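Reader: Please give me a close look at the aromatic rings and at the packing around them. I would like each term explained with its cut-offs as it comes up.

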Amino acid sequence: MAYSKYAIGEIILVVIGILIALQINNWNANRIEHKETNNYLRNLKEALNNDIESLQSSITFNKTRLKGLFYILDHSNLNTQAFTEIEWIDFSKNDSMNTIWKGAFPDSLNPEFTYLAFSMIGRGFGSASFNKSVINELYSTGSFTNIQNQTLKTKIGDYYSFLSQRLEGYAIEEHEEWANETTRFLRDNYGIFTLDVSDLENPMEKLKGQKDVENQLRYLALEVNYHCIWATTAKSYAMDLVISIEEYLKQ
């Protein structure tokens, strides 16, 4: 009888030891997963900061482009009134970090800005580049599911979904096709090669009063404006996401 009690006691101790070992293993596994997830989030924050810089460069570039389109419209005696039913980005003032054009944007005729304005007509919209290697790894390794904050997970998903819908793929290709169409239109109909108008003293003289030019340039201005608005929105999302990640990492 005493032996049976002793044997049962030994078995209980062994079971308790196993349970403790399993709990320690689970704790270690959770600790490792938590550490890995936080490392991914730190890397994601760095990628987002790079996105923010890239988006700001794209905004500055396309604001200059937008100013150039309205500059051409103005000096061609064409309609410069913005479409009132949509939101327009403020392109009246130049950004201090603009490396394309230094100082205030000119309103009066300026040969250098004329050259710049025409050369930017056919430039691509895809000037912002996004590093998705970290978010892809976060998903593929399953670490995304280990984030213990649903709001943060939603913000991450919303940001990258917005990029895909507005600033990548078909959305960019459609905008760029109209820009290319505009350069072909000016070349074929008015003999203006937008990449280099240095041989023309005032290329806007050829465009004065031309309604087809007005329609073409105003529609391109609309496309450029949309891109600026979407890039500004994405930048705001990214900045908010960086703050949310920092707060999560402090926990």
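Author: Two rings of Phe, Tyr or Trp (for Trp, the six-membered ring) are taken as a pair if their centres lie within 6.5 Å, and the pair is called stacked when the planes are under 30 degrees apart, edge-to-face when they are over 60, and tilted for the rest. The model is a predicted one, in which local features need pLDDT of at least 70 and side-chain atom pairs count only at pLDDT 80 or more, whereas totals for chains, interfaces and linings use all residues. Residues are numbered from 1 along each chain as its sequence is written, and side-chain values use heavy atoms, with hydrogens and water left out.

By that ring criterion, Tyr71, Trp101, Phe105 and Phe113 are linked into a cluster. Across the whole structure, the search finds eleven aromatic pairs. One of them joins Tyr159 and Tyr160 edge-to-face, with 4.8 Å centre to centre and 75° between the planes. Tyr159 counts as buried because its relative accessibility is 1%, and Tyr160 is also buried, at 7%; buried here means under 20% relative accessible area, exposed over 50%, and partly exposed in between, with a 1.4 Å probe and protein chains only.

Trp178 and Tyr219 form an edge-to-face pair too, 4.6 Å centre to centre with 65° between the planes. This pair links distant parts of the chain, since Trp178 lies in helix H5 and Tyr219 in helix H6, 41 residues apart; helices (H or I, at least four residues) are DSSP runs numbered from the N terminus. Trp178 counts as partly exposed because its relative accessibility is 26%, and Tyr219 is likewise partly exposed, at 38%.

Tyr159 also leads into the largest nonpolar core, which has 68 residues, and Tyr159 is listed with Leu41, Leu44, Leu48, Ile72 and Ile156 among those with the most contacts inside it. Helices H1 (2–75), H2 (111–119), H3 (133–140), H4 (150–166), H5 (170–190) and H6 (211–249) each supply at least two residues of this core, and H6 gives the most, with 17 residues. Such a core is a set of buried Ala, Val, Leu, Ile, Met, Phe, Trp, Tyr and Cys residues joined through side-chain atoms within 4.5 Å. Once neighbours within four places in sequence are set aside, Leu48 is in contact (heavy atoms within 4.5 Å) with both Tyr159 and Tyr160, as well as with Ala238, Leu241, Val242 and Ile245.
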